[in-house]
Amino acid sequence: MTGLKRTADSTLAKKVNTMVVVDAVRKYSPLSRAEVAKLTMLSPSTVSGIVSGLVRAGLVRETKGDAGSAGGRRPILLTLNAGAALAAIIDVQVARILYGIVDLAGSPVCVMKEDVDLSSPAGTVDQVLRAAARALAKLPRAGAGAAAGIGVGVPGVVDSRTGTILKSTRLRWTNLPLAARLQHEFGLPVLVERDVRAAAWGERRYGHARNVTDFVYMAVGEGGFGAGLVVNGKPYVGARMHAGELGHMTVDMHGERCSCGNIGCLAGVASASIQAWKGGKGEGAEGDLVEYTATGLVNLVNLLDPELVVLGGDIGGRSDFASRVEAAAKERALLAPGQMPRVLPSQLGDMAVALGLAGLVFDRFYWNQTPADDLPEMGEGGMTSYRVQARCGL
Ligand SMILES: [Zn+2]
């Protein structure tokens, strides 16, 4: 037993050390092996062994730096090879479909957008297939630079284990095995995820929640309210994939019956304000939406005690909205003063779902096949705004 345990411990230690090294290269590159050792507090020989493996796997690149002012040898510097793996992503939104390619560092290589085809449920499926084909056409079919997989985000209830859309009212899809359909068509690994859960994972991998294990992503927008929950560093989906139905939380015991069967749901109570906001009837509607969002937020905070709340969506993602919601929620949460979680607007803007899908594709289909063999935390830097869209530069 002792021998077995020791083997398991050393395998785990190697995985953890590899993650730490990848993270340091990602955050601070270009940097030398000696700097990695200093930053990670690992021994130079451990760092050297791990880096050699990562270079062989094509994940880390070596370049020659400049010689110091005193002359001498040019140091060998390390950078993450962001193009080592790419993900094709398709984000089916309320009104648009956004699709393209994202690299391993979470940078959009190519993004395209078009209006979503709602003429028929089958027409929307065809549009998703066409979008995937167009994104994949930018990449080689195999070898270096090929897609690690395809990720699709949709509004609705999704069984992400099987890639089946259980129900999407907006797209009129019921029990649609979309992942199987795409897999059959393209011969690549495919995952399908609920939009708001993918967005939460985008923040976890590339946004505000990079170093946070318990947080809530709340979407507030044209499509209503939704929440993506991350508990103990993992997405929380519930027993039947329904977790995060924020819009169907009762906020008025004497309210009207909702289409879901419940009474006084947040979605129903706030729907007039969302319509008014969409129609450009500004301040009054927005003030109401701040109150409704704060109500949902306080319920979630009292239930889950998250470290951070990230607000996204076309209404929620604006920084002035987030700070108003935070102020309103502070008045009401059960917590002791100073214990209110931070409330931040999404760092990834309208790319949150796309980047989350990419992160999920890499986590599920790439990292577990490389020597790194685990999920490294992606680091800080260079991720300030995704509102400026990448062009298709391939
Ligand atoms: Zn409801």
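Helices and strands are taken here as DSSP runs, numbered from the N terminus. On that footing, Gly261 belongs to the loop that links β14 (234–236) and α7 (266–278) in this predicted model. Is Gly261 buried or exposed? A residue with 12 or fewer other C-beta atoms within 10 Å is called exposed, and Gly261 has 8 such neighbours, so it falls in the exposed class. Its C-alpha atom sits 9.4 Å from that of His248, a residue 13 positions away along the chain.

Stepping back to the whole chain, there are 11 helices and 16 strands. Of the 394 residues, 41% are buried. As for who touches whom, 61% of the contacts with a separation of 6 or more are made by residues 24 or more positions apart.

Strand β12 (residues 215–221) is a good place to look at burial up close. Here 7 of 7 residues are buried, and the cover extends to both faces of the strand. One side carries Phe215, Tyr217, Ala219 and Gly221, while the other carries Val216, Met218 and Val220. As for partners, β12 pairs with β13 (residues 224–231) in the antiparallel sense through 7 bridges, and just 2 residues lie between the two strands of this hairpin. Within that pairing, Val220 is matched with Phe225 of β13. β12 also pairs with β15 (residues 308–312), this time in the parallel sense and over 5 bridges. There, Val216 has Val309 of β15 as its bridge partner.

Met218 of β12 turns up again in the largest nonpolar core. That core has 108 residues, and Met218 shares with Ala87 the distinction of touching the most other members. The element that gives the most to the core is α11, with 10 residues. What does Ala87 touch, once its neighbours within four places in sequence are set aside? The list runs through Val102, Ala147, Ala148, Gly149 and Gly151, and then on to Leu357, Ala358, Val361 and Phe362. Of these, Leu357 also appears among the α11 residues that meet α6.

That brings the helix pair into view. In general, two packed helices are described by the angle between their axes and the distance between the axes. For α6 (residues 195–206) and α11 (residues 352–365), the angle is about 75° and the axes are 6 Å apart. Since angles of 65 to 115 degrees count as roughly perpendicular, α6 and α11 are therefore roughly perpendicular to each other. On the α6 side, the contact is made by Asp195, Ala198, Ala199, Ala200, Trp201, Gly202, Glu203, Arg205 and Tyr206. Facing them in α11 are Ala352, Val353, Leu355, Gly356, Leu357, Gly359 and Leu360. Sorted by class, the α6–α11 contact comes to 10 nonpolar, 3 polar and 3 charged residues.

Finally, there is an open sheet of 3 strands, laid out in the order β1-β3-β2 with antiparallel pairing. Why do β1 (31–32) and β2 (60–64) each have one side without a neighbour in the sheet? Both stand at the edges with a single partner strand apiece, so nothing in the sheet flanks the other side. β1 is joined to β3 (residues 76–80) by 2 bridges, with the two strands running antiparallel. In that pairing, Leu31 has Leu78 of β3 as its bridge partner.

Key:
Residues numbered from 1 in each chain as written. Predicted model: local features only at pLDDT ≥ 70, side-chain atom pairs only at ≥ 80, totals over all residues. Axes fitted to C-alpha atoms, helices over the stretch in contact; angles between N-to-C directions. Helix = DSSP H or I, 4+ residues; strand = E, 2+ residues; numbered from the N terminus. Parallel < 35°, antiparallel > 145°, perpendicular 65-115°, else oblique. Contact = placed C-beta atoms within 7 Å. Nonpolar A, V, L, I, M, F, W, Y, C, P; charged D, E, K, R; others polar. Core = buried A, V, L, I, M, F, W, Y, C linked by C-beta atoms within 7 Å. Buried ≥ 20, exposed ≤ 12 C-beta atoms within 10 Å, placed from the backbone. Pairing = 2+ DSSP bridges.
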